[in-house]
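Got your viewer open? Let's take a short walk through this model, one selection at a time.

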Amino acid sequence: MQVLESGRGELMRPPDLEAFREWNRNKSRRLVDKRMTEQEAISRFVTDGCYIGTELYGTVRCPMSLCREVVRQGKKNLNVCGQGVLELDLWLAAGLVKKLDITYIGLEVYGTTSALRRAVESGQVETCVEWSNGAISWRMKATAMGVPFIPTRSMLGTDTLTYSAAKVIEDPFTGLKVCLLPALILDVGLIHVHRADCHGNAQIDGISGFAAEMARASKRLIISAEEIVPTEEIRRHPDRTIIPYYLVDAVVHAPFGSHPGEMAYLYGREEPLIREWVEGSKTAEGAQAYLDKYVYGVKNHGEYVDLIGQERLTQLVAERERRE
Amino acid sequence: MSDRAYTKTELMICVAARLFQDGTTAFIGTGVPMLAAMLANKTIAPNLVPVFEFGGTGAILENLPRAVGESRTFHKALCASGICDTMETAQRGFIDYGFLGGAQIDCYGNLNTTTIGDHDHPKARLPGSGGGNDVGSLCWMTVALMQHDTRRFVPKVDFVTTPGYLTGYGAREAAGLPRGSGPINVVSTLALMDYEPATCRMRLAATNPGVTVQEVIANTGFELIIPDKVGVNEPPSAQELRLLRKEIDPARFYI
């Protein structure tokens with residue numbers, strides 16, 4: 001089969017499916033207690049130079065408490081995959097990111113991010129490999145399927161494809177040109193969920209973003225959860241489990257773990273604090289001041305929650321979207 | 001401001017809202033498209049099915065979402081799934097409309113949201129494709145919403161993030177993009193544009209009230225096709241303005 005076009009972007013981790021199967025073969029199937037603190041989870045499983053991804057989007061069910069811990073521990077030279085708002089902005093501002101498989105990093109309604117601009121335009125981020133949101137999720141889906149690539153009809157004809165690591169071929173069945181997306185295997189994935197048991201069986205309420213795909217595409221998976229529930233609770237609603245325990249390496253209890261973002265049916269987003277980042281991060285000094293106060297200035301997520309204070313958090317709970 | 005005075009953004013939202021047909025599906029992104037969809041839903045398209053990329057399908061849009069994944073995008077929705085599902089739904093041909101924005105657009109409707117200047121040494125690093133490329137590739141019809149000036153309407157975009165008609169008639173199909181898909185309109189702060197079928201080049205359809213054809217030409221960095229007959233967009237009605245200001249965005253988050 002002839003390759004008609006090849007993106008010139010770097011394929012950060014050529015997918016080695018045999019090695020991935022071996023990795024999975026050796027991963028424990030035992031139902032053990034995987035609860036630990038965020039300090040322990042991040043220090044054990046996130047290494048300098050690793051290929052790491054965060055799930056969903058910085059203001060929605062995002063593992064913000066884990067992301068802040070990555071900053072506190074100063075993990076370096078990260079190769080980062082994905083779409084991000086506040087979470088990847090914090091990493092960029094803290095100078096942790098070396099390479100990006102980028103789909104979107106921005107502040108949504110507030111526009112482009114100054115932290116991304118400074119990091120890329122200065123050359124601190126060495127490489128930006130371009131993808132679409134659909135493409136990056138489908139790359140994880142390919143890994144979840146255990147196959148080396150997945151064909152799609154997206155990205156064709158554009159510079160997004162030219163600066164990606166995708167390839168175009170003529171499909172042998174239909175003769176159509178299709179874009180082949182290489183499977184994406186993360187060294188470590190971070191996902192925040194509504195509830196999990198101590199083994200890592202995890203459930204999400206509302207939209208599931210790309211949690212199912214990322215969980216299955218990660219060699220190491222850290223779950224943070226608003227609530228830790230008994231396994232009986234999981235067994236009562238197994239249809240709600242999106243991430244089964246054997247994928248999971250660490251379970252971190254993190255109430256308000258998505259703050260200042262929201263958590264469906266639990267709490268709303270804190271607009272003033274999001275705006276504080278939007279305004280502060282316009283300069284390197286402002287970004288540093290925010291990091292000093294909300295990340296370096298507290299020892300852990302518990303202290304962060306205390307810093308925000310019960311009164312504000314109660315207000316966010318009152319403002320949540322309800323099922324009715 | 002008198003009741004019938006309005007801003008350029010309010011008119012853009014109204015012109016975009018009037019493009020929706022009832023009983024269709026539409027991929028909705030953050031910002032002006034959300035307001036347009038809500039306005040259409042409350043006026044001409046009560047059976048519009050909004051689809052949000054991270055999984056919300058068929059939400060009741062009571063409160064304005066501020067992010068494409070937030071709870072309001074699946075408020076009382078018909079289905080809450082994930083991004084693979086929504087993008088695959090578009091890829092199977094189930095999504096009629098997609099709404100897009102960008103820093104630059106060219107005469108074929110190609111959009112740039114990636115970099116200004118050279119990709120590897122950019123003058124400005126922009127957010128990237130996000131779902132834009134997927135929407136522009138896979139929805140049947142796309143509409144771009146743009147500020148209208150020569151910095152944004154350019155002869156050649158610095159980076160083709162999202163496909164319009166690429167290099168012209170037949171280029172999408174030649175590249176492998178789905179047959180019969182592509183841009184249908186641009187709603188700008190000055191005018192409404194469509195595309196000439198034979199060439200797939202952008203064409204002026206209607207100017208905003210008080211805007212001359214000459215002004216539109218002067219603010220467009222490429223040769224815009226000017227047909228013999230150019231319409232004039234209706235200003236926002238009293239009902240449209242009331243809905244926008246009182247019900248859709250009372251906190252004036254966007255307008």
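First, a bit of vocabulary: helices here are DSSP runs of H or I with at least four residues, strands are runs of E with at least two, and both are numbered from the N terminus. Keep in mind that you're looking at a predicted model.

**Stop 1: chain B as a whole.** Select chain B and show it as a cartoon. You'll find 7 helices and 14 strands. Its radius of gyration is 18 Å, close to the 18 Å that the globule rule gives for 255 residues, so chain B is as compact as a globular protein of that length. Turn it around: the C-alpha trace spans about 45 × 45 × 35 Å along its principal axes. Buried residues account for 56% of the chain's 255 residues.

**Stop 2: two helices in chain B.** Now pick residues 8-17 (α1) and 32-42 (α2) of chain B, which pack with their axes 8 Å apart at an angle of about 55°. That angle falls outside the parallel, antiparallel and perpendicular ranges, so α1(B) and α2(B) are oblique to each other. Their crossing is right-handed. Show side chains where they touch: α1(B) brings residues including Met12(B) and Ile13(B), while Leu35(B) and Leu39(B) are among those from α2(B). By class, this contact has 10 nonpolar residues, with no polar and no charged ones.

**Stop 3: where the chains meet.** Bring chain A back. Here 48 residues of chain A are in contact with 48 residues of chain B. Which element gives the most to chain A's side? Select α6(A): it gives 5 residues. Colour chain A's side by class and you'll get 20 nonpolar, 17 polar and 11 charged residues.

How values were computed. Residues are numbered from 1 along each chain as its sequence is written. Chains are lettered from A and ligands numbered from 1 in the order in which they are written. This is a predicted model: local features need pLDDT of at least 70, side-chain atom pairs count only at pLDDT 80 or more; totals for chains, interfaces and linings use all residues. Two residues are in contact if their C-beta atoms, placed from the backbone, lie within 7 Å. Ala, Val, Leu, Ile, Met, Phe, Trp, Tyr, Cys and Pro count as nonpolar, Asp, Glu, Lys and Arg as charged, and the others, Gly among them, as polar. Axes are lines fitted to C-alpha atoms, for helices over the stretch in contact, and angles run from 0 to 180 degrees between N-to-C directions. Angles under 35 degrees count as roughly parallel, over 145 as roughly antiparallel, 65 to 115 as roughly perpendicular and the rest as oblique. A crossing is left-handed if the near helix is turned anticlockwise from the far one by less than a right angle, and right-handed if clockwise. The radius of gyration is taken over C-alpha atoms; the globule rule is 2.2 Å times the number of residues to the power 0.38. A residue is buried if 20 or more other C-beta atoms lie within 10 Å of its own, exposed if 12 or fewer, and partly exposed in between; C-beta atoms are placed from the backbone.
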